[in-house]
Every structure is written in structure tokens, then in C-alpha cells.
Amino acid sequence: MKLPTLPDGFVLVRGVRGAMACRAADEPRLAEAGFTADGKRSAEALADAEESGREPLGLLEVGGVTCLARRFTHGGLARALTGARFRDPARPFEELVLSERLRALGIRTPRVIAARAVAVPPVGYELTIVTERMDGVRDLGWMLGDVRRGGTSHRTLQQALESAGRLIADLHRVGFLHADLQPANLLIESANPAAPATAIDLDRSSFVKAGDGRGGEGAVEPLPESLVHKNLGRLWRHVARREAEYGATLSRADRVRFLKAYGVPRDQLAPFSAAIASAAESKGLGHRIGWWIERYLGRGPDRRAAAP
């Protein structure tokens, strides 16, 4: 089992069937909660968390701290064929590394308590990551749906959009490419939507080194403009799909508000928006097919995203 180098303060605990990374002080607390390197307790065995959506989340008490255990699952057709088994055991450990690096850069993302991979015969691994639960937050996808339902004011949504724009700008400023940039992965404080937002679900994301497209180490560099357009195009595409399904929530002024918070100068709003729209459209057909597969053959609708 080849795993990435762990951040300072984390240890690797090996069991008979699997491996787990955690802080040394948390190992006995995790064991007391029934969460060990050998997978004696999986996310499926835990009480469902209300945050559960595209991936199953379970509640776990670790030393008096309420945590969320997320079991990795495939999307679309792969889910129907392989379920929750993965060939690469490193993914939750890589997410832990990314999370710690973002936090060191001052960007909000939940604190990772543990990452684990457990071998599942005859081939593959069950992967789980445990993060500290954040109270008093809602994801932006839920807020979009709640505005549609009349439960959240449009002013609150505007503040949330600005907060999300600033967060994504910070991610791109340090060269971070979120592999699943969508409203459900942007957490907003319910009581103060103007407060700094939080990025979640970093699986398959990376720090990108300008010019070569490979994951960078050490000093950070801003995300190349082409990848900025593609990443924001992914977000645009997801919002457009939800609005096509459930009805429009965002106005042109709302989109402009988001882009200004992101840092786009007024005289660049039109060309920047056009570049994002072009990036969103370039993969439109392929993504529509993928959405269809997920809905009818895979994991089904995203329960956290906007709903009528």
C-alpha cells in the first residue's frame, strides 16, 4: 500500500487489513469510538448525518468532538459496477495532505481527524475520511434551493455568493484546483453569510504548478487562467443544470456580484463571463450524459443541492 508522506503531527497506524492516518493523540479516541485501521466500523454502520448527500456521511464522537465519517463512493455507472471499492488506497490520505496544506495557507476547510483504507477481498479498498463537524453552516446548494422555497432571503443569498466568490478566489490564488467545484461543496455560515466560506470534499483535487499542469510542492503559484475558466465553468454548469431542473434563482446581477467578489475588474466582467460560459459549454454534452447515468444507474440526485 503506497501512501503519500503525511503532514507533521500525523502517524500511520497499520492493521491486519488496512491502514489509518491520524494524530497520535487521536488514535485511542478513535479506537474507543470503534474506528480502527482494520475497519471494524465503517461509515455505513454509523448514525446518518443530516449533511449526507452525494456521499454517505456518518456521525462519530471522537474524544468529545462530533465528527463526520465519509465513505468514498464512485459516481455514475462505476458505482453500479464497483460499489464503494477502489483500486487506489491513497485517495483519503491525499485529501488529508491537501486539507492540512490549505489550512496552513489560511483557507478554511474542516480539520481532518483520520484517513483510512481497508482492503476488501478479492480486490480493492474501502476508503473513509473523518473530519470535524462544523456547526451552524449550510452549503450553497441548499441555500439556492431554500431561496426558491422562500425560506432564505435574496439578500442572504447575495452575501453567500460574495463569500463563495472570495473563497474560490483564495483557492485559485494559491494554485488549488478543486476537482468537484459545485455549490454543495461550499459551506456558508447560516448566522453570518458574509463570513469566510469553507471548502469541503477535496478528493482528487490538487495544487497545480503554473505551466506544467502537475501537482506542485512548496511555494504556491496562482492557478493558470485556462484552468480558472475551466474550474469556474464547472461551477457554472452545475448551477445551470439545477436551474434548468427546478427554476431560476440567480439573476445576471447575482452572477456579476459573485465575479466581483472573486476579483474580476469591472471592465473585464464581460470577457471573463464569456470565457467561463465557453468552458462550461465545452463539456456540456458529456456531463449531461454523466448526470443521466448518475441519476438512473448511479448514486441518484444530490440531496444537498438545490431542490424545488
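## The chain as a whole

The protein chain exposes about 14300 Å², and carbon and sulfur atoms supply 52% of that area (Shrake-Rupley method, 1.4 Å probe, with only the protein chains shown counting as cover for residues). What you're looking at is a predicted model, in which local features need pLDDT of at least 70 and side-chain atom pairs count only at pLDDT 80 or more, while totals for chains, interfaces and linings use all residues. Residues are numbered from 1 along each chain as its sequence is written, and side-chain values use heavy atoms, with hydrogens and water left out.

The secondary structure comes to nine helices and 12 strands; these are DSSP runs numbered from the N terminus, helices being H or I over at least four residues and strands E over at least two. Of the chain's 308 residues, 51% count as buried, meaning under 20% relative accessible area (over 50% is exposed, in between is partly exposed; 1.4 Å probe, protein chains only). Take the contacts between residues at least 6 apart in sequence: 65% of them join residues at least 24 apart, where a contact means heavy atoms within 4.5 Å.

## Asp 38, a buried acid

Asp 38 sits in the loop between α1 (27–32) and β3 (57–62). Asp 38 is buried yet has no salt bridge, that is, no side-chain nitrogen of Lys or Arg within 4 Å of a carboxyl oxygen of Asp or Glu. The nearest side chain of opposite charge belongs to Arg 17, 5.1 Å away (Lys and Arg count as positive, Asp and Glu as negative; His and the chain ends are not counted).

What the Asp 38 side chain does reach is the backbone nitrogen of Val 16, at 2.6 Å. Setting aside neighbours within four places in sequence, Asp 38 touches Gly 15, Val 16, Arg 17, Gly 18 and Val 118.

## The β3–β4 hairpin

β3 and β4 (residues 65–71) pair in the antiparallel sense over six bridges; for two strands to pair, DSSP has to find at least two bridges between them. Val 62 stands opposite Val 65 in β4. The hairpin has two residues between the strands, and Gly 63 takes a positive phi near 60 degrees.

## Helix α4, mostly covered

In α4 (residues 140–149), seven of the 10 residues are buried, among them Leu 140, Met 143, Leu 144 and Val 147. The buried residues of α4 pack against β8 (137–139), α5 (154–173) and β10 (186–189).

Now for the two ends. At the start of α4, a side-chain oxygen of Asp 139 reaches to within 2.9 Å of the backbone nitrogen of Gly 141. Just after α4, Gly 150 takes a positive phi of about 90 degrees.

Notes: A polar contact is a pair of N or O atoms within 3.5 Å; within protein, one must be able to donate a hydrogen and the other to accept it, and residues adjacent in sequence count only if both atoms are side-chain atoms.
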